[in-house]
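Colleague: I have a two-part job for you. Can you walk me through this model, helices and strands? Keep it quick.

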Amino acid sequence: MTKNPYRAQKIAFFFLFLATLLIVVPVGLIIVSIIQKGLPAINWQFLSDMPRQGMRSGGIFPAIIGTLYLVAGAIIFALPIGLLAAIYLSEYSKANMLTRIIKLAIVNLAGVPSVVYGLFGLALFVVFFKFGASILSGSLTLGIMILPIIITTSREALESVPQSFREVSLSLGASKWQTIRHIVLPNAIPGILTGTILGLGRAAGETAPILFTVAAFYLPRLPDSVFDQAMALPYHLYVISTQVPNVDEKIRYGTAFVLLALVLFMNLVAIIIRYKLRKKKKW
Amino acid sequence: MVIFETHDLNIWFGVTHAVKKVSIEIQPNEIMSIIGPSNSGKTTFLRSLNRMNELNPSYKMTGAVEFEREDVKGIDAEELRRKVGMVFALPLPLPLTIFDNVAYGMRMHGVKDKKKLRDKVERALQQGYLWDEVKDRLDESAFKLSGGQQQRLCIARTLAVEPEVILFDEPCSGLDPISTAKVEDAMVKLKERYTIVLVTNNVKQAARVGDRTAFFLNGELIEIDKTDRIFTAPKDPRTDGYIRGKFG
């Protein structure tokens, strides 16, 4: 049998292409079917009105606002903490026991199922700190959930800034903190933003962590404070799909469409910012 | 007054003994060239003068390095590096504009006055023989400059901090002969105001610019003398062999 390298290559390419296709096709199908079924429900009233008749008609405005609040709250909490932890791990920590424990904790935090975060948030924020089921509890729970994403991607971004830049800065008499502040951080921002994008998307879409900590089944008004409960898109979608009978398919798919569009929109904004900063990158 | 003095300096990185019992004095306003093959410890020795080796976690040392009669361990690292500037082997502009590169050190030391910054940036670029080539494009990225221009920018950036000593770590290793000649010209002129320690792989460069030359081999200081004497009548046969190109 003679080996034909070109044939082997063709076969390899075929399978590689097939694998890629297998990723693209389901994504395409999901998006197409949600657009097809959801788009007809979208109009100004659907986006800006309160739900009515036990969510069988009216709009989803409070759920949209609730999700935006929760995502914003999670980022406000997780970004500074995650970034500071990433700076510590990449710039200051030595290879010792403490560092190993922190890294192990981050890996474990990333592997915890989201419903466990929900229970944890219930026990700690809702019950122990007596925040009740509130936007604050939900945001903090979501924040803890996205911390590992933000820490890991920020750390990679910081570590990808060339060591030589740090040496040059230090050799000019800059302190370590000045070097981090003026050289390392500005050049790591695109990567840090990527982590934030991923975190945003995850926080907006998860249902289980907000289930016990914030989400209101039916609350046809806007929350008044961070201690108020709120509706949220993913939970609302779950409720109208499984808990409330006879909800029009249009409303269900419309809600799914809005959730998807919201996540894609947030990603898009961040991708544009990242692209602009990357273009400014000078090495 | 002696600028630098090392006493029985030993440096290890992990188990590698990089510098072995080196004692050297460096005089003010001289160009001290350090030659030797790769891995002879010359760059490690150079980096011990401004405490850059400490960035490597496996670094260990015994003996002493004194700057102006004071042990460098007792001097704040930032303060020491401000007085002892360094130019690296490869041109390493920071990802900033030409102006901001030169102003970086001053800004880190708290200079905020715009006029003062501008004046000093101009003077530093003139001393680095780069001003005429960049005066109309100070706001462009430093990465747009050619390799030789980038290296002169790095020299200007070091000068802008107004150090007393400049350490050159193979500053011409990535440059063509014409750029090398420009950098060497700059070094000879700088000698009037600064003390220069030059590590070089290029034996001829040491012969051209050095007042004194030290020859390192396997981490040991083999010989140190006036440059013309090293190149005409070296005492050690290994020095003779190296400068004649028999090894290295």
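Colleague: How do H6(B) and H7(B) lie relative to each other?

Modeller: H6(B) and H7(B) are roughly parallel, because angles under 35 degrees count as roughly parallel, over 145 as roughly antiparallel, 65 to 115 as roughly perpendicular and the rest as oblique. The axes of H6(B) (residues 147-160) and H7(B) (residues 177-190) cross at roughly 15 degrees and come within 9 Å. Axes are lines fitted to C-alpha atoms, for helices over the stretch in contact, and angles run from 0 to 180 degrees between N-to-C directions. Helices (H or I, at least four residues) and strands (E, at least two) are DSSP runs, numbered from the N terminus.

Colleague: Before we go on, what kind of model is this?

Modeller: It is a predicted model: local features need pLDDT of at least 70, side-chain atom pairs count only at pLDDT 80 or more, and totals for chains, interfaces and linings use all residues. Residues are numbered from 1 along each chain as its sequence is written, while chains are lettered from A and ligands numbered from 1 in the order in which they are written.

Colleague: Back to that pair. What is the handedness of the crossing of H6(B) and H7(B)?

Modeller: Right-handed. A crossing is left-handed if the near helix is turned anticlockwise from the far one by less than a right angle, and right-handed if clockwise.

Colleague: Which residues make the contact?

Modeller: H6(B) gives Gly147(B), Gly148(B), Gln151(B), Arg152(B) and Ile155(B). H7(B) gives Ser179(B), Lys182(B), Val183(B) and Ala186(B). Two residues are in contact if their C-beta atoms, placed from the backbone, lie within 7 Å. By class, that contact has three nonpolar, four polar and two charged residues. Ala, Val, Leu, Ile, Met, Phe, Trp, Tyr, Cys and Pro count as nonpolar, Asp, Glu, Lys and Arg as charged, and the others, Gly among them, as polar.

Colleague: Now strands. Why is S4(B) largely enclosed?

Modeller: Five of the five residues of S4(B) (residues 31-35) are buried, so the rest of the structure largely encloses the strand. A residue is buried if 20 or more other C-beta atoms lie within 10 Å of its own, exposed if 12 or fewer, and partly exposed in between.

Colleague: Which residues sit on which side?

Modeller: Ile31(B), Ser33(B) and Ile35(B) are on one side, Met32(B) and Ile34(B) on the other.

Colleague: Which strand does S4(B) join by four bridges, with residues 195-199?

Modeller: S9(B), running parallel. There, Met32(B) has Val197(B) as its bridge partner. S4(B) also pairs with S10(B) (residues 212-217), in the parallel sense over four bridges. Ser33(B) stands opposite Thr213(B) in that strand. Strands pair if DSSP finds at least two bridges between them.

Colleague: Switching to chain A. How many helices and strands does chain A have?

Modeller: Eleven helices and two strands. Buried residues make up 39% of its 283 residues. The C-alpha atoms fill a box of roughly 70 × 65 × 35 Å along the principal axes.

Colleague: And how are H4(A) and H6(A) set to each other?

Modeller: Oblique. H4(A) (residues 97-111) and H6(A) (residues 135-159) pack at about 130 degrees, with axes 8 Å apart. The crossing is left-handed.

Colleague: Last one. How many residues does each chain give to the contact between chain B and chain A?

Modeller: Chain B gives 20 and chain A gives 18. On the chain B side, H2 (77-83) and H3 (98-108) are the elements that give two or more residues. That side has twelve nonpolar, four polar and four charged residues.
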